[in-house]
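Student: I'd like a close look at one part of this protein, the nonpolar core, and then whatever you can tell me about the charged pairs. Could you walk me through it in one go?

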Amino acid sequence: NMEHSEKRHNDQQQQQYSLQNGSLRQKIRSGSSPSVGVVSGFYKDTDHVEILGLLGGYDFLWADAEHSSASPDHIASQIVAAERRGMPTLVRIGYGYQHI
């Protein structure tokens, strides 16, 4: 049934995970379904992060600050853009980020 399929798809898109309430951690630890993240290397532009959040289907944004030229300000901008669209951000930190 087409209506049932569309409703299920919309329900899945609305399921958002959070670092604040622990729901992303629970999903990852449960292993009941794969956790799907998206990696972005375009640190100076956050529009694409918001678009990815609007598209749905991703459980989190992965921001790599260890092996990239991203500054703390770039990472902070990505976190804000992802959170604005209900997508938590996991950040791998590197040297120079210890005091953030």
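Student: Which residues make up the largest nonpolar core?

Tutor: Keep in mind that this is a predicted model. The largest nonpolar core is made up of seven residues: Val38, Val49, Leu52, Leu61, Ala81, Ala82 and Met87. Two elements, α3 (47–55) and α4 (72–84), each give two or more residues to this core. In soluble globular proteins, nonpolar side chains tend to be buried together. For a closer view, pick Leu52: leaving aside residues up to four places away in sequence, Leu52 touches Val38, Tyr58 and Met87. Apart from the largest core lies another one, of five residues, including Ala63, Ala65, Ala70 and Ile75.

Nonpolar side chains turn up on the surface too. Ile79, Val91 and Ile93 form a patch there, with about 220 Å² of accessible area together. Ile79 sits in helix α4, and its relative accessibility is 30%, so Ile79 counts as partly exposed.

Now for the charges. Side chains of opposite charge can pair when their charged atoms come close. The structure holds five salt bridges. One of them joins Arg85 to Glu50, with the closest N and O atoms 2.9 Å apart. That pair links distant parts of the chain, since Arg85 is in the loop between α4 and β3 (89–92) while Glu50 is in helix α3, 35 residues apart. The two partners are covered to different extents: Glu50 counts as buried because its relative accessibility is 12% and the cut-off is under 20%, whereas Arg85 is partly exposed at 32%.

Next, look at Arg92. Its side chain meets that of Asp64 in a salt bridge (2.7 Å, N to O). Arg92 lies in strand β3 and Asp64 in strand β2 (residues 60–64), so this pair ties together parts that are 28 residues apart in sequence. Asp64 counts as buried at 12% relative accessibility, and Arg92 is partly exposed at 31%. Arg92 also forms a salt bridge with Glu66, where the closest N and O atoms are 3.4 Å apart. Here the link runs from the loop between β2 and α4, which holds Glu66, to Arg92 in strand β3, 26 residues apart. Glu66 is partly exposed, with a relative accessible area of 39%. Back at Glu50, salt bridges that share partners join Glu50, Arg84 and Arg85 into one network.

How values were computed:
Residues are numbered from 1 along each chain as its sequence is written. This is a predicted model: local features need pLDDT of at least 70, side-chain atom pairs count only at pLDDT 80 or more; totals for chains, interfaces and linings use all residues. Side-chain values use heavy atoms; hydrogens and water are left out. A nonpolar core is a set of buried Ala, Val, Leu, Ile, Met, Phe, Trp, Tyr and Cys residues joined through side-chain atoms within 4.5 Å. Buried means under 20% relative accessible area, exposed over 50%, partly exposed in between (1.4 Å probe, protein chains only). Helices (H or I, at least four residues) and strands (E, at least two) are DSSP runs, numbered from the N terminus. Contact means heavy atoms within 4.5 Å. Patches are made of residues with over 30% relative accessible area and no salt bridge: like charges are joined within 9 Å, nonpolar side chains (Val, Leu, Ile, Met, Phe, Trp, Tyr) within 5 Å. Accessible areas come from the Shrake-Rupley method with a 1.4 Å probe; for residues, only the protein chains shown count as cover. A salt bridge is a side-chain nitrogen of Lys or Arg within 4 Å of a carboxyl oxygen of Asp or Glu.
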